[in-house]
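Good morning, and thank you for making time for this item. I would ask you to look at the sequence and the coordinates together while I speak.

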Amino acid sequence: MNIDEILAPDRTCSTLSPSSKKKAIEFVSEKISLSLPTLRLRHIYRGLIEREKLGTTAIGEGVALPHCRLPKCEKIVGGLFVFDDPIDFSAPDERGVNILFTLLVPEHEISEHLKTLSMLAQGFSNPDTRQLLLDARSDEKLYQAALRIGTGP
């Protein structure tokens, strides 16, 4: 799966300043629900919060991958958000999160869900990719930089 199959420009936001993990998840839930009318804001938010309660989705190096399965989700969709100031996501390396990639998955997708998470984790493990995303100062530049995830710098 390529990043352009799950990410769209209207679900890509740079230079955000939420005050907490909860506020960040509220924002991404709202942004994604506006671009996907079949998904309701409260269901997205609840799914992401419930998943986060099971354990942090932060993978380290300033990146978190909040994700959940939703019954009315028709295909795997993602949203990419970059924060000006790091947010505490209880990351294993104790670093704050500046890059958040949210993934919503149909309930029945298990294998593709895991493959997509793996592709994202591998893409975000590249320091050049992370820096490219952090340096993008507009939503369009962030989206264009994101298209490189999983393809190398």
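Just after helix α2, G55 adopts a positive phi of about 155 degrees. Helices here are DSSP runs of H or I with at least four residues, strands are runs of E with at least two, and both are numbered from the N terminus. Before going further, I should state that this is a predicted model, in which local features need pLDDT of at least 70, side-chain atom pairs count only at pLDDT 80 or more, and totals for chains, interfaces and linings use all residues. Residues are numbered from 1 along each chain as its sequence is written, and side-chain values use heavy atoms, with hydrogens and water left out.

Let me stay with the helix that G55 follows. Helix α2 covers residues 41-54, which is 14 residues, and reaches 20 Å from its first C-alpha to its last. That is close to the 20 Å expected at 1.5 Å a residue, where the expected span is 1.5 Å times one less than the number of residues.

Which residues of α2 are buried? They are I44, G47, L48, I49 and E52. Buried means under 20% relative accessible area, exposed means over 50%, and partly exposed lies in between, with a 1.4 Å probe and protein chains only. As a general point, an α-helix has 3.6 residues a turn, so residues three or four places apart point the same way. The buried residues of α2 pack against α1 (21-35), β4 and β6 (97-106).

One of these buried residues is a glutamate, E52. E52 counts as buried because its relative accessibility is 8%. Setting aside neighbours within four places in sequence, E52 is in contact with K21, T57, P66 and F89. Contact here means heavy atoms within 4.5 Å.

I turn now to strand β4, residues 67-70, which contains L70. L70 has a relative accessibility of 6%, so this residue counts as buried. Not counting residues up to four places away in sequence, L70 touches L39, H43, I44, L104, V105, P106 and E107. I44 in that list is also among the buried residues of α2. By contrast with such contacts, L70 and S33 are 12 Å apart in space, C-alpha to C-alpha, and 37 residues apart in sequence.

Next is strand β5, where F81 is found. How accessible is F81? Its relative accessibility is 0%, and F81 therefore counts as buried. Beyond four places in sequence, F81 touches R11, C13, L16, F27, V28, K31, I32, N98, I99, L100 and T102. One of these partners, C13, is 68 residues away along the chain, yet the two C-alpha atoms are separated by 4.9 Å.

The loop between β5 (77-87) and β6 holds S90, and E94 lies in that loop as well. Most residues other than glycine have a negative phi, and most peptide bonds are trans. S90, however, has a positive phi near 55 degrees, and E94 has a positive phi of about 65 degrees. Are these residues buried or exposed? S90 counts as exposed because its relative accessibility is 51%. E94 is exposed too, with a relative accessible area of 75%.

Towards the C-terminal helices, T129 is found in α4, residues 127-135. T129 is buried, with a relative accessible area of 5%. Leaving aside neighbours within four places in sequence, T129 is in contact with G123 and I149.

Let me close with the protein as a whole. There are five helices and six strands, and from the N terminus the elements run β-α-α-β-β-β-β-β-α-α-α. The radius of gyration is 14 Å, close to the 15 Å that the globule rule gives for 153 residues, so the protein is as compact as a globular protein of that length. That radius is taken over C-alpha atoms, and the rule is 2.2 Å times the number of residues to the power 0.38. Along the principal axes, the C-alpha trace spans about 35 × 30 × 25 Å.

Of the 153 residues, 48% count as buried. Among contacts between residues at least 6 apart in sequence, 70% join residues at least 24 apart.
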